[in-house]
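Morning, everyone. Please have the sequence and the model up on your screens. I will keep this short.

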Amino acid sequence: MTQHDQQVTDASPAHERRPIRQLLAASVGNAVEWYDWYAYTFLATYIADQVFPKSADNSLVPLLSTFAVFAVGFFMRPVGGLLMGAVADRRGRRAALTVTILLMGGSSLLVGLTPTYASVGVLAPVVLVAARLLQGLSVGGEFAASTTFLVESAGPRRRGLFSSFQYVSTSAGQLAASGIAALLVATLSDGQMDGWGWRLPFLLGAVLSLVGFWIRQGAHETHRAPAEPDARPGLFDALRHHPRQSLLICGITAGGTIAYYTWTSYLPTYAELNTDISKSQALLAGTLSLAFFTLLQPVGGLLSDRVGRRPLLLFFGIGFAVLSVPLLKSLSGSFGSLLLVSCAGMVLLTGFTSISAAVNAEVFPARVRAAGIGFPYSLTVALFGGTAPYMGTLFKEIDRPGLFPWYVAVICLASSAVYLRLPETAHKELER
C-alpha cells in the first residue's frame, strides 16, 4: 500500500470504520479537557482566598480578581482555536487533539501547584494567570479539532446525534468537576479546603489528561490533509476567503455561550451572591442539573436530524430572551428553587448545545473547517461567555444585580435574529 493510499484509508468516513471508537476517542479526551477547565470555576472562592490579596474594604475584590483571571483564560481561546485549528486542517484532526490534551494536563498541574499569596506574594497570581493562559490555548484548540472530528465521524443523517456528544462529554467533565468539588466541600473542613483541598481536583486532572492522550492514539483520522506543504491552507485562509461564514459563527454563538456559562458555571455563585443559599447546596443543585442536562443532549441531536437545526436554535434563543429575567429573579434562596431554575434553563439550552458542533461544521468547507470554526467561535466565547461570571459579579458590586438577567436576555435575542435567517443545513451532504 502506498503512502497516499494509507492516508485515504485513515481518513475514510468513520461510519465505514468504527464510529463508537471515534466517539470514545473524542468524548473521553474532551471530558478530561473540560474537567480541568471547569474545576477552576467551581473552586473559585477558595482560589480567591489563597492566591489573591484580601481587601479590608471589600470582600468581593479577591473573587472579582479570580473571575478576571477566568476571563483572561478565555481570551487565549481564539489563539488556540486559530493555531490548533490550522494544525487540524494542515496535519489532521488527530494531531491537533493530541497536542491539546497534553497542554491541558500541563496547565492543570500548574494550577494545582500554584503557591499562595501569603507565601510568595504577587508571584502567586502570576503563576495562576500563566496556567490559565495555557488552559485557554488548549480549550480553544480542543473545540476546533473535536467539533470537526465528531461531525466528520458521523454517518448519513447522524451529524446532529454525533454533534450532541460534544456537550455530553463537556458536561461529563463539568459534572465530574462539580461533583468532586461538592464532595470535597462536604467532607473537608474549611481549613482543609483552604489549605490543600482545593488543589486535589487539578492534580487529578493532570493524571486524567494522560489517560485521554492514550485513548486518542487509537483514533482514526477523518480529514485528508494535503500531502504537499504548498497545498495546505494558510493560518488566515478561513477568515480571508470566508468572512461571511466567520461572522455567522459569531452571531450563532453569542447567545448560546452567555446562556451556557451563566447556567452551567456561574449560577451556583450567582445564587450565593444574591440569596442566602449555602455553598454546599448551590454546588449540589448545579451537579444535579448538569446530570439532567447531559441526558438531554442526544435527544436534542436526534431531534435535529429529523426536524432540522433552525427550529431548535429558535427554541433556545427566543426561550432565553423571554425567560432569563423571570427565571433568575425567581431564585428564592431555597435548594428547590435553584434546582428548578437550573433545570428549566438546561431544557432551553439544549436547543443550542446539542447541535452547536453540527451547525458550525456545516458552515465551512472541509479544507478550512477546523480553523474556520475555531477562531470566530472562541473569540465570541471569550467576549460573552468568559466574561459572564465577571459581569454578574460586577453588577452585584455596583449594587445593580437585577441588570445581569437583562444582559443575558438581550444577547440571546440578538442571536435569535441570526437564527431566523440561517439556512437549513441538516439534510445537506457534508463536504469532506
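I will go from the whole chain to one residue, then to a cavity.

First, a caution: this is a predicted model.

Start with the fold. The protein chain has 20 helices and zero strands. Along the principal axes, its C-alpha atoms fill a box of roughly 70 × 45 × 35 Å. How does the radius of gyration compare with that of a compact globule? For 432 residues, such a globule would come out near 22 Å. The protein chain has 21 Å, so the two agree.

Now burial and contacts. Of the 432 residues, 59% count as buried. Take the contacts with a separation of 6 or more. Residues 24 or more positions apart account for 87% of them.

Next, a single residue. Go to Thr-100, please. Thr-100 sits in helix α6, which covers residues 93-112. Is Thr-100 buried or exposed? Its relative accessibility is 0%, and the cut-off for buried is under 20%, so Thr-100 counts as buried.

What does the side chain of Thr-100 reach? One partner is the backbone oxygen of Leu-97, at 3.0 Å. Another is the side chain of Glu-142, joined to that of Thr-100 by a polar contact of 2.9 Å.

Look at the wider surroundings of Thr-100. Leave out residues up to four places away in sequence. Thr-100 then touches Glu-33, Met-84, Ser-138, Gly-141, Glu-142 and Arg-216. Glu-142 therefore appears both in this set and as the side-chain partner at 2.9 Å.

Last topic: empty space. Rolling a probe the size of a water molecule over the atoms shows where such space is left. How many cavities of 30 Å³ or more does the count give? Two. I will take the second largest, with about 60 Å³ of space.

Which residues line that second largest cavity? From the N-terminal part of the numbering, we have Trp-34, Tyr-38 and Arg-77. Then come Phe-143, Gln-166, Tyr-167 and Thr-170. Tyr-260, Tyr-261 and Tyr-377 complete the lining.

By class, the lining divides into seven nonpolar residues, two polar and one charged. Three helices, α2 (19-42), α9 (159-187) and α13 (243-274), each supply at least two of the lining residues. The largest share comes from α9, with three residues.

To recap: a chain of 20 helices, a buried Thr-100 in α6, and a second largest cavity with its largest lining share from α9. Thank you.

Key
Residues are numbered from 1 along each chain as its sequence is written. This is a predicted model: local features need pLDDT of at least 70, side-chain atom pairs count only at pLDDT 80 or more; totals for chains, interfaces and linings use all residues. Side-chain values use heavy atoms; hydrogens and water are left out. Helices (H or I, at least four residues) and strands (E, at least two) are DSSP runs, numbered from the N terminus. Buried means under 20% relative accessible area, exposed over 50%, partly exposed in between (1.4 Å probe, protein chains only). A polar contact is a pair of N or O atoms within 3.5 Å; within protein, one must be able to donate a hydrogen and the other to accept it, and residues adjacent in sequence count only if both atoms are side-chain atoms. Contact means heavy atoms within 4.5 Å. On a 1 Å grid over the protein atoms alone, a cavity is a set of points where a 1.4 Å probe fits but cannot get out, and a pocket is an open set with protein on both sides within 12 Å along at least five of seven lines; lining residues have an atom within 4 Å of a point. Grid points are joined across faces, edges and corners, and a volume is the space filled by probe spheres set on the points. Ala, Val, Leu, Ile, Met, Phe, Trp, Tyr, Cys and Pro count as nonpolar, Asp, Glu, Lys and Arg as charged, and the others, Gly among them, as polar. The radius of gyration is taken over C-alpha atoms; the globule rule is 2.2 Å times the number of residues to the power 0.38.
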